[in-house]
Amino acid sequence: MTPRNPTELAADHRAFAGQLRAELAAPETSTYVDRYAQWRGVRYSTEEEQIAADAQLLRALYERDWNRFGWPTEVGGLGGDVRHRAVLYEELVAAGLTVPQPTLLLETLGPPLVKFAPALAADLLPRALAGEEWWGQGFSEPEAGSDLASLRTRAVRDGDHYVVSGQKLWTSHGAGAARYICLVRTGSAESRHRGLSMIVIDRDLPGVSVRPIAIASGRNELAEVFFDDVRVPADHLIGEENRGWQAATYLLQFERSVYAWQSSATAFGRFRALIDDAGRRSLTDGVVARIGALYADLVTLRARSAETLRRLADGAPVGPEASVDKIALARVEIGLYDLAADVYRDDFTFGDSPEMNEWRDEWWYSRSATILGGSAEVQRTILADHVLKLPKEAVR
Ligand SMILES: Cc1cc2nc3c(=O)[nH]c(=O)nc-3n(C[C@H](O)[C@H](O)[C@H](O)COP(=O)(O)OP(=O)(O)OC[C@H]3O[C@@H](n4cnc5c(N)ncnc54)[C@H](O)[C@@H]3O)c2cc1C
């Protein structure tokens, strides 16, 4: 079934949710062809297999128009708003599928592209939605993470190109990405955030080299990306020169809302899987109590995240309060996978089934939850300074 009456569905995310749920539902009779069977409940042992399968799932959704809702028609979407995208991720997880990994970056990088570079977005977004390519976020550098305004990758204008030199680090899904959406310095070395620009750098340009980084689980989740006098067309700029911070601030609203929603949907799906198994095992009272506590944390996270999404959909700014969501997400992710370790016990440590390998991989990845996308310490400082407006710490 392709979406019936797209105009109506774009105007009504509840009707969209209903039709999508029917589309994704597991088959109830043997005569029904399950279009999504190949992705349902499947575990992938490598990053490369996972991304390849996710790209195919995106293709399947795109061919039937489902993931075009929530994006403007001018850039290849079918209209609607960010709630349609949130519904898509929710329904995928509820149907035993997954949030496709490339969409975690797409939901962060796509919105500034659409807003500040619509012509480029019209060219690139449909390819990403169709799973033909995915993108990396090239912000962090060896000496610039929390303090992003100190980044040093330089872009110098030369005719109708920028010449880019420098290095990015910790680029998620960077090894196979087709493009990197980067923050680069176009102003003076001292210009801090006022001298940054955002630009799309194609991976196949001469001078771009990429080195995968395997994380503790062994999966090549991250990459280092090097730029050696790379000539990037000037029309790949996202927004104006030296206004990259504005685009990055806009981007952050989506990272704090849609990305958090996607991640919390995944966490809820994994929690349900854990509870199914927990019911068949003997558990200590302490573990049982932690299951209850984690459920409360999950529901709190979902409520916060839904509220942040509503603000975004209503055009209200997603302000510093969303740092609460970021801290709550990290708490849930770490708590969930620690709980899995204590539910499965020896199986978690020594089991080599695909399920146990997946739980272990996720446990390793969850250790980074208080770091990636802005560390927990920095989030707490934002809350103290900008939400609670506490007096600055006295410097002795
Ligand atoms: C799994 C993973 C995926 C990632 N994916 C990407 C990606 O796709 N693209 C990308 O650009 N980056 C990515 N990152 C990088 C991430 O954004 C940075 O790691 C993060 O911003 C922290 O920067 P840093 O590692 O340089 O640590 P630092 O900034 O050096 O921080 C080190 C420690 O000091 C603390 N600290 C720093 N400044 C302050 C302060 N002002 N007040 C209090 N404490 C402070 C931090 O909390 C932290 O504990 C990823 C990181 C991880 C772990």
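**Entry 1: Q253**

I looked up the contacts of Q253 in this predicted model. With neighbours up to four places away in sequence set aside, I found Q253 in contact with L312, A316, P317 and V318. The residue belongs to helix 7, which runs over residues 244–278. I then asked whether Q253 is buried or exposed. Its relative accessibility is 17%, and the cut-off for burial is under 20%, so I entered Q253 as buried.

I followed the pairing with V318 further. The two residues stand 65 positions apart in sequence, yet their C-alpha atoms are 5.5 Å apart in space. A polar atom of the Q253 side chain lies 2.9 Å from the backbone nitrogen of V318.

**Entry 2: T103**

I next turned to T103, which I located in helix 5 (residues 101–116). Its relative accessible area is 2%, so I recorded T103 as buried. Beyond residues up to four places away in sequence, T103 touches L58, Y89 and Q262. With Q262 the link is also polar: I noted a contact of 3.2 Å between the side chains of T103 and Q262. I also checked T103 against G159, 56 residues away along the chain, and found 34 Å between their C-alpha atoms.

**Entry 3: D202**

D202 sits in strand 5, which covers residues 196–202. I noted a relative accessible area of 15% for D202, so this residue too is entered as buried. Which residues does D202 contact, leaving aside neighbours within four places in sequence? I listed A178, R179, V208 and H236.

**Entry 4: Domains**

I took down the division of the protein chain: domain 1 spans 6–133, domain 2 spans 136–242 and domain 3 spans 245–387. For domain 2 and domain 3 I looked up the separation of their centres, taken over C-alpha atoms, and it is 28 Å. Across this pair, 15 residues of domain 2 are in contact with ten residues of domain 3.

**Entry 5: The ligand**

Where does the ligand lie with respect to domain 2 and domain 3? I found that both domains give residues to the shell around the ligand, so the ligand lies between them. There are 17 residues around the ligand, and those that come nearest are Q137, S146, W170, S375 and E377. By class, I counted seven nonpolar, nine polar and one charged residues in the shell.

I then went through individual atom pairs. A polar side-chain atom of S375 is 2.5 Å from an oxygen atom of the ligand. For S140, an N or O atom of the side chain lies 2.7 Å from a nitrogen atom of the ligand. F139 takes part through its backbone, where a polar atom is 3.0 Å from an oxygen atom of the ligand. As for cover, the ligand on its own has 980 Å² of accessible area, of which the protein covers 64%.

**Entry 6: Positive phi angles**

Lastly I checked backbone angles. W170, already noted among the residues nearest the ligand, has a positive phi of about 60° although it is not a glycine. I placed W170 in the loop between strand 3 (161–168) and strand 4 (179–185). R345 is likewise not a glycine and has a positive phi, of about 50°. I found R345 in the loop that separates helix 9 (323–344) from helix 10 (346–350).

How values were computed:
Residues numbered from 1 in each chain as written. Predicted model: local features only at pLDDT ≥ 70, side-chain atom pairs only at ≥ 80, totals over all residues. Heavy atoms only, no water. Near = heavy atom within 4 Å. Polar contact = N/O pair within 3.5 Å; in protein donor to acceptor, adjacent residues only side chain to side chain. Areas by Shrake-Rupley, 256 points an atom, 1.4 Å probe, with all protein chains shown as cover. Nonpolar A, V, L, I, M, F, W, Y, C, P; charged D, E, K, R; others polar. Domains from an automatic or database assignment. Helix = DSSP H or I, 4+ residues; strand = E, 2+ residues; numbered from the N terminus. Buried < 20%, exposed > 50% of the residue type's maximum accessible area, 1.4 Å probe, protein only. Contact = heavy atoms within 4.5 Å.
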